[in-house]
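Visitor: I am new to this one. Could you show me around and explain the labels as we go?

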Amino acid sequence: MTIEKNEYIMKLVQHKNSNKQIYLDYAAATPVDSRVLKAMSVFFNDKYGNPSAIYEQGLIAKTAVEESRKSVAKILGTVPGTVCFTSGGTESNNLAIFGALDGLTPGHIITTPIEHPSVLEPIIKLKKQGLKGKYWNVSYLNVGSNGLVNADDVIKLIRPNTKLISIMYANNEMGSVQPIAEIGKLLVRYRKANKTVYPYFHTDACQAAGFLDLNVERLHVDLLTINGGKIYGPKGSGLLYVRRGVKIDPQILGGKQEHNLRAGTENVPGIAGLSLALKLAQESRVAVSFKLENLSKYFLAKLGESIPSVRLNGPAIGENRLPNNINLLIPEIESEKLLIYLDAAGIACSVGSACAAEDGGASHVLEGIGLSKREAEHSIRFSLGKFTTKQELDFTVKTIKNILNLIK
Ligand SMILES: *Cc1c(COP(=O)(O)O)cnc(C)c1O
């Protein structure tokens, strides 16, 4: 690195020290809402009983868990018995996939190439795992250049032995929103016509929960994943909705918690926090979406004025896209380099998905929508949240422009 660059970074670092951090990575983690934190805190030291215990402290904890379950069920438009609390999105996705398919004669699975690794990896494991010489087959839907599946394509891929379809509600990297309700409706019709309960339909709604409708009847899903860490709730909290009649094998064995679906002492503070976070997120989702869509448009317009070469990856803002997601191809600079410079300036954003960041590979999602490896390596994600301001976005645009001038 040249001396001038170091000096530039030093300047940026001084800026960072004198200003507050600009956080534009809400798709990776959100701050816990103060109301959520307050609701959780009593379950750490005051009401700390084990929900399985039958004396008063236990009943208090048990009641908190069951009230949370009721609240979640109401939001999802279902009954409490269908809600299974877990340790997060990853566990819910693993439980949905392995739980639905464990013990079945291997058949066929339909998914997309742009799922979160916690869906992709369990499916890859099933593909490699045989039973009596039979192996699971997997079809990956075409997602086109906007990262969107076509509902009719899903139905066309179904085989007589298709047991599971897993399609994420909204993508974590470039925010594409899939037509889940439309697919669900077609699937209901397919199953009726073919007199079968399969294929089950699972959706990973971790990124969607803050912005989109979660009513499981309108979505016609059988299994739905949500986590707390993406909706201003606690990390390490999550849930899986399991439609009544859908058979799931528990993957964590032990006690009889969560209707025998998930053993282990309940994470009472986490459950209370998740349920309140979900309620608050769903109550404010329309207003928050409106605000963030406007900010996203503003940010993109400002960037375009200042750096004409930038391109938005995925659907246009306002069209089948989460309102807070801006994934940009900036041809002038490798995204990892840009991320480091931005960090020095006190701006946090992300390249690829946080989970993939460690293996250093280019994003499977961006390559999945047809970007070259080089283009994927020049793509960077900004995700806005409740506390994002216009001033922060102005400063971010200015900083990117400065960095590009520097590396010229
Ligand atoms: C974050 C995320 C997950 C994983 O959730 P954890 O709670 O971190 O296990 C799964 N799917 C999507 C779409 C996500 O954004």
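Guide: We will take one helix and then one cavity, in a predicted model.

Visitor: How do you know that α7 reaches about the span expected of a helix?

Guide: Helix α7 covers residues 180-194, which is 15 residues. The expected span is 1.5 Å times one less than the number of residues. That gives 21 Å, and α7 reaches 21 Å from its first C-alpha to its last.

Visitor: Which residues of α7 are called buried?

Guide: I180, I183, G184, L186, L187, Y190 and R191. Buried means under 20% relative accessible area.

Visitor: Why do you say that they line one face of the helix?

Guide: Look down the axis of α7: the buried residues fall within an arc of 165 degrees, so they line one face. An α-helix has 3.6 residues a turn, so residues three or four places apart point the same way.

Visitor: What makes K185 count as exposed?

Guide: Exposed means over 50% relative accessible area. K185, R189, K192 and A193 are exposed, on the face of α7 turned away from its buried side.

Visitor: What covers the buried residues of α7?

Guide: The cover includes α6 (151-157), β7 (162-166), β8 (200-204) and α8 (216-219). After α7 comes K195, with a positive phi near 50 degrees.

Visitor: Now the cavity. What makes it a cavity and not a pocket?

Guide: A 1.4 Å probe fits inside a cavity but cannot get out. One cavity of 30 Å³ or more is counted by this rule. The largest has a volume of about 210 Å³. It is lined by 21 residues, with G210, F211, K230, I231 and Y232 closest to its centre.

Visitor: How many of the lining residues are nonpolar?

Guide: Twelve are nonpolar, six polar and three charged.

Terms used. Residues are numbered from 1 along each chain as its sequence is written. This is a predicted model: local features need pLDDT of at least 70, side-chain atom pairs count only at pLDDT 80 or more; totals for chains, interfaces and linings use all residues. Side-chain values use heavy atoms; hydrogens and water are left out. On a 1 Å grid over the protein atoms alone, a cavity is a set of points where a 1.4 Å probe fits but cannot get out, and a pocket is an open set with protein on both sides within 12 Å along at least five of seven lines; lining residues have an atom within 4 Å of a point. Grid points are joined across faces, edges and corners, and a volume is the space filled by probe spheres set on the points. Ala, Val, Leu, Ile, Met, Phe, Trp, Tyr, Cys and Pro count as nonpolar, Asp, Glu, Lys and Arg as charged, and the others, Gly among them, as polar. Helices (H or I, at least four residues) and strands (E, at least two) are DSSP runs, numbered from the N terminus. Buried means under 20% relative accessible area, exposed over 50%, partly exposed in between (1.4 Å probe, protein chains only). The arc is that of the directions from the helix axis to the C-beta atoms. Contact means heavy atoms within 4.5 Å.
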